[in-house]
Every structure is written in structure tokens, then in C-alpha cells.
Amino acid sequence: MRAQQAGHAVRVVTAVESLDRKCRLVDTEHDGVPVTEVHHNLSYSSDPARAEFDNPEIAEVLAPLLERERPDVVHAPHVMKLSAAALDLCYRLRLPTVVTLVDFWFICGRHTLLRWDGQLCTGPAHDLDCLECMHDSHGFGDSSLRTLSPAVLRIATD
């Protein structure tokens, strides 16, 4: 609201988890501030784990709004539910963008830099340490992969 009081046009874009199979925008307002809600359901993505971080469907529905509005600056205090695809869209549209890092979402699947066992993470000691945390936090991945040799893993992911 402070930006509005200073004479700036403001719009909030936020994610709303919904039962919708397809991503859609819903315009609303909160305390006089226009809000665009991005309604979507991550579980309907063909690859939910990837879509959490890179969801092209989000960018597809946001593109017309950003192209029409052409904001002077985009402030992204967090893009967790919108995914980094929203930031990539801003980059492609050459929109000045400021990102405020409020947690470790960009580099840590748990968002906290705490390992699955509660220990502070100073970086993965094994190629699959992050996968073990993701399995513990989100239920995908299999920590038994840890027993595979790095050579096998690299062949499987190449």
C-alpha cells in the first residue's frame, strides 16, 4: 500500500492452490490493491517435482498479463508456487526484476538448509543427498538410490 500512497500503480500476483486441472488467472482486490491469483494444482502437472521449480504453464498464463501491463519493475519476494518460470518470463520480456531472498528455496528442496535428519546442511556430501531430503520432505525420489555408484548415476541422468 505504501507504493500506492506514493502514486505508483501496484498489482500483486500470487499463487492459489486449487482443484483446477488447468492454470487460470482470477482477478480480485485486497484493501484497494488489485490482485491476480494464479489458480493451479501442481499434482496435475506431468512432472510435479520439476513443475515446482520450473512450471511453463504458469509462464504461459502470466505472459499476456505482463505483456499488457508492462510493469516498470517486478518485485518477487518469493516464487515458490509460481516457480522460477515466472522469473524467466520477466527476463524474456526484459522487465526489470528484483528478487528478495526470504529463504533457501532456490538452492534447497527443504527451503531451510537443514538435512532430513535435522542437521545443518553445508552442501551435499554425496550426489544424492538432496534427493534424500526431497524424498523425506515431499515423498518423491528414493533414498535407496544412494547405494548406486556415481558412474551409474551419471550414465542414467545423461
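**Helices and sheet of a predicted model**

Colleague: Let's start with the helices. In which sense of crossing does α3 pass α4?
Modeller: Keep in mind that this is a predicted model. Looking at how α3 passes α4, the crossing is right-handed.

Colleague: Is α3 roughly parallel or oblique to α4?
Modeller: Helix α3 packs with α4 (residues 84–92), their axes being 8 Å apart, at an angle of about 40°. That angle is why α3 counts as oblique. The class covers what is left once angles under 35 degrees, over 145 and from 65 to 115 are set aside, so the word here is oblique.

Colleague: Which residues in α4 do P56, A59, L62, A63 and L66 in α3 meet, and how many residues of that contact are charged?
Modeller: Those α3 residues meet A85, A86, L89, C90 and R92 in α4. The contact of α3 with α4 has 9 nonpolar residues and no polar ones, and the charged count is 1.

Colleague: What covers the buried residues of α4?
Modeller: The buried residues in question are A85, A86, L87, L89 and C90. Their cover includes α2 (48–53), α3, β4 (74–76) and β5 (97–99).

Colleague: Over to the sheet. Which strands are at its edges?
Modeller: The sheet is open, with 3 strands in the order β1-β3-β2 and mixed pairing. An edge strand pairs on one side only, and that fits β1 (12–17) and β2 (24–30).

Colleague: How many degrees does the twist average from one strand to the next?
Modeller: Go back to that order, β1-β3-β2. Stepping from one strand to the next, the twist averages 30°.

Colleague: Which residue in β3 is the bridge partner of E17?
Modeller: Strands β1 and β3 (residues 33–40) run parallel, and 6 bridges join them. For E17, the partner in β3 is H40.

Colleague: And what angle does the direction of helix α3 make with that of β3?
Modeller: Helix α3 (residues 56–69) packs on the sheet and touches β1, β2 and β3. Compared with the direction of β3, its own makes an angle of about 155°.

Colleague: Which residue in β3 stands opposite E29?
Modeller: Here the pair is β2 and β3, which is antiparallel over 7 bridges. In β3, the residue opposite E29 is P34.

Colleague: Which residue in the turn of the hairpin has a positive phi?
Modeller: The hairpin is made by β2 and β3, with 2 residues between them. A positive phi of about 50° in that turn belongs to D31.

Colleague: Which residue with a positive phi follows α4?
Modeller: Look just past α4, where phi is near 60°. The residue is R94.

Conventions. Residues are numbered from 1 along each chain as its sequence is written. This is a predicted model: local features need pLDDT of at least 70, side-chain atom pairs count only at pLDDT 80 or more; totals for chains, interfaces and linings use all residues. Side-chain values use heavy atoms; hydrogens and water are left out. Two strands pair if DSSP finds at least two bridges between them. Helices (H or I, at least four residues) and strands (E, at least two) are DSSP runs, numbered from the N terminus. Axes are lines fitted to C-alpha atoms, for helices over the stretch in contact, and angles run from 0 to 180 degrees between N-to-C directions. Contact means heavy atoms within 4.5 Å. A crossing is left-handed if the near helix is turned anticlockwise from the far one by less than a right angle, and right-handed if clockwise. Ala, Val, Leu, Ile, Met, Phe, Trp, Tyr, Cys and Pro count as nonpolar, Asp, Glu, Lys and Arg as charged, and the others, Gly among them, as polar. Buried means under 20% relative accessible area, exposed over 50%, partly exposed in between (1.4 Å probe, protein chains only).
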